[in-house]
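Reader: I'm in my first year and still learning to read these pictures. Could you pick one part and walk me through it slowly, and then show me how the rest fits around it?

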Amino acid sequence: MTAPRVLDLATLGVRELNQYLHHELPGSGIARVDILHPDGRHNIAVGLDADVDVDIRGHAGYFTAGMNKRARVTVHGNVGWSVAENIMSGRVHVRGNASECAGASGHGGLLVIDGDASSRCGISMKGCDIVVGGSVGHVSAFMAQAGRLVVCGDAAAGLGDSLYEAVIYVRGTLHGLGADARVEPMSERDLGDVGELLKQAGFDYRPQEFQRVASARSLYHWNSEVHQEY
Amino acid sequence: MCGIIGLLVRDPAQRQTLGSLIVPMFACMAERGPDSAGLGVFGEPLGEGLRRYSLFAPGERPDWPQLASQLEAQTGSSGRITVQDNHAELASPVSPARLREFLGTFRPRVELLGIGRQLDVFKDTGDPAEIARRYDFGHLEGSHCVGHTRMATESAVSPAHAHPFTAGEDFCLVHNGSLSNPYMLRRKLEAEGLHFETDNDSEAACRLIEWHLRRGASDVRQALEAAVEEMDGFYTLLVADGRQLTLVRDAFACKPAVVAETDAYVAISSEFRSLAHLPGISQANIFEPLPEVIYSWNV
């Protein structure tokens, strides 16, 4: 394996870094990029569309690896708000904790968070998969439309509020479900899906330990028989 | 959007480093709040009977020593004055009421930013980095401080609307967010005899919490427990008094905060990037405060 291309944000701006990742990297034959001294800066490695492994060596800021396509981005630290926002494909792996809105509106690909994710994790997700090794904060998977959110720890209040067709699996305690979210029995397919996602994410739990949370679909249609008094 | 920062230096021998640690935190958070900035810093308490008064003359440089002599001539109370451009710290036995009366009569353009035995407050409109340079934040010493960089959303950009806000003595607050019921809080407190200096929502929060303290709350945490029940809206609030730094976020955690703790310090900021330079940060316990949980750290 060739040595990674090393880019140091102590001397390089985030804009220059991203321009390199967008324009020079694809087709260059470089398979790995190491980003040093992220120091909580925002927008690191956003908008990648390349078959490449990117390692961010430290804590990163907001929107890390947003809109990711194909690339495999690993953050060796924590991330701020909205990591992997609108992820399309590929894989984003946070070795530490993630702040709010992790994986927001993601369309595809996999987001793995080894630690905790805070509130609104997976908000409005549209087909991506998210596996959280720890717990998630309040109103996670709010209005999530498609995809799967696997939580190995606990889920704070308001989980799955106004959920569409995304499915949530929680191993720990449910501290309260949002409107129209309900616990459903785990089917064989659910067990298989959770097992596969845990394997991809590198967690060693049994799928049987998880509960399924999905939409009761009662908010899908206007109910004209309910008193329209607000 | 605004930026808030706070630092508590745990080792008394390291208190002279407070200013040098805070300046990069402050400069970084200028991106979240470019229109005004301020800092409240707690130093060694003055002797019994003396108070620190933070005086500020927006847009001018008064003859501060002459103000001190005039104060002595008018009130009989002498004062030691430490000048920093258009800011001065007056250490004096004069009472707050007597000083206010003096300023109102003889120096109406001079504002009283803070009162206490430990607290000194700086704030102004303009570029936060320039404000930090003007008041030489890099050389400030003390046990703890709170700072703010403002991007005004709900009331005017003026020195008086900049943070920290103060109330009572040795008490100040910085706020990121916006309250939706500040006028309700204000009407309640005005009925209790409190006086407001601005129409700013954060001033309402500041006076509410300090009022709970004076009404018998045992500490800022208990005062905040009561205030959280009354405040509606978005907030990350960082409150400092002589004893503690105290932090709370609203129930929805709408506004960010990150805490980094080591044996040497507790540092709080809106974003991690303003803490990245701190010594020992790679070994710090870094966490995001949970919504509606009150965190406090003793001096």
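Author: Let's go straight to strand 12 (residues 244-249) of chain B, which runs antiparallel to strand 16 of chain B and is joined to that strand by 4 bridges. Keep in mind that this is a predicted model. If you want a spot to put your finger on, try Gln244(B): it stands opposite Asn298(B) in strand 16 of chain B.

Now zoom out a little. These two strands belong to an open sheet of 5 strands in chain B, with the order 9-10-11-12-16 and antiparallel pairing. Which strands stand at the edges? They are strand 9 and strand 16 (295-298) of chain B; each has a single partner strand, so one side of each is left without a neighbour in the sheet.

Next, look for the helix that lies against this sheet. Helix 7 of chain B packs on it, touching strand 11 (233-241), strand 12 and strand 16 of chain B. The direction of helix 7 of chain B makes about 20° with that of strand 12 of chain B.

That helix has a helix partner too. The axes of helix 6 (residues 201-214) and helix 7 (residues 220-230) of chain B come within 8 Å and cross at roughly 125°. That angle is why helix 6 of chain B counts as oblique to helix 7 of chain B. The crossing of helix 6 of chain B past helix 7 of chain B is right-handed. Who makes the contact? From helix 6 of chain B you get Ala205(B), Leu208(B), Ile209(B), His212(B) and Leu213(B). Helix 7 of chain B answers with Val220(B), Ala223(B), Leu224(B), Ala226(B), Ala227(B) and Glu230(B). Sort the residues of this helix contact by class and you find 9 nonpolar, 1 polar and 1 charged.

Chain B has another sheet worth a visit. This open sheet has 7 strands in the order 7-2-8-1-14-13-15, with antiparallel pairing. Here strand 7 (119-125) and strand 15 (285-287) of chain B stand at the edges with a single partner strand each, so one side of each has no neighbour in the sheet. From one strand to the next, the twist averages 10°. Inside this sheet, 7 bridges join strand 2 (residues 36-42) of chain B to strand 8 (residues 144-150) of chain B, and the two run antiparallel. One pair to find is Ala37(B), which stands opposite Thr149(B) in strand 8 of chain B. A helix packs here as well: helix 1 (residues 18-29) of chain B touches strand 1 (2-9), strand 8 and strand 14 (265-269) of chain B, and its direction makes about 165° with that of strand 1 of chain B.

Between strand 8 and strand 9 (165-166) of chain B there's a loop that holds Pro164(B). Check its backbone: the peptide bond from His163(B) to Pro164(B) is cis, with omega near 5°.

Finally, step back to the whole chain. The domain assignment splits chain B into domain 1 (2-43 + 126-298) and domain 2 (46-117). The centres of these two domains of chain B are 24 Å apart, taken over C-alpha atoms. Where they touch, 10 residues of domain 1 of chain B are in contact with 11 residues of domain 2 of chain B. The domain 1 side of that contact in chain B has 4 nonpolar, 2 polar and 4 charged residues.

Methods. Residues numbered from 1 in each chain as written. Chains lettered and ligands numbered in written order. Predicted model: local features only at pLDDT ≥ 70, side-chain atom pairs only at ≥ 80, totals over all residues. Domains from an automatic or database assignment. Contact = placed C-beta atoms within 7 Å. Nonpolar A, V, L, I, M, F, W, Y, C, P; charged D, E, K, R; others polar. Axes fitted to C-alpha atoms, helices over the stretch in contact; angles between N-to-C directions. Parallel < 35°, antiparallel > 145°, perpendicular 65-115°, else oblique. Left-handed = near helix turned anticlockwise from the far one by under 90°. Pairing = 2+ DSSP bridges.
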